[in-house]
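The following report concerns the model shown below. It treats secondary structure, solvent exposure and two selected residues.

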Amino acid sequence: MRPPVCHGAIVIGLGMLGLLALLSGLQPVDGDMNNIIPQMASGYLPPFAIGLFFIMVIGSLSSTSDSDLSALPAIMMFSRTRA
């Protein structure tokens with residue numbers, strides 16, 4: 001699989017986990033909505049898959065932050081040349 005396809009699959013997969021939580025009536029721990037995805041992962045995945053899941057989430061976050069950091073110099077140079 002190509003990296004953009006993998007990144008898109010992770011984002012869509014996380015959204016589908018949220019939809020499954022909604023349809024199953026899952027209540028988040030302490031009422032915090034940020035606990036739903038980890039709660040679903042720990043409740044339904046075996047231990048090795050939980051580790052793989054969190055590695056994939058960290059990878060998608062790294063990809064997003066890398067793109068943001070790469071765009072910052074271009075934005076700064078554009079604004080400096082316009083001044």
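The protein contains 3 helices and 0 strands, and its elements run α-α-α from the N terminus on. Helices (H or I, at least four residues) and strands (E, at least two) are DSSP runs, numbered from the N terminus. This is a predicted model, in which local features need pLDDT of at least 70, side-chain atom pairs count only at pLDDT 80 or more, and totals for chains, interfaces and linings use all residues. Residues are numbered from 1 along each chain as its sequence is written, and side-chain values use heavy atoms, with hydrogens and water left out.

The protein exposes about 6500 Å², of which carbon and sulfur atoms supply 71%. Accessible areas come from the Shrake-Rupley method with a 1.4 Å probe; for residues, only the protein chains shown count as cover. Of the 83 residues, 13% count as buried, where buried means under 20% relative accessible area, exposed over 50%, and partly exposed in between (1.4 Å probe, protein chains only).

Two residues are set out in the table.

| Residue | Helix | Relative accessibility |
|---|---|---|
| Leu 19 | α1 (residues 3-24) | 37%, partly exposed |
| Met 56 | α3 (residues 47-82) | 37%, partly exposed |

Leu 19 also belongs to a nonpolar surface patch of about 550 Å², made by Ile 12, Met 16, Leu 19, Leu 22 and Leu 23. Patches are made of residues with over 30% relative accessible area and no salt bridge (a side-chain nitrogen of Lys or Arg within 4 Å of a carboxyl oxygen of Asp or Glu); like charges are joined within 9 Å, nonpolar side chains (Val, Leu, Ile, Met, Phe, Trp, Tyr) within 5 Å.

Met 56 is 46 residues from Ile 10 in sequence, while their C-alpha atoms are 7.3 Å apart in space.
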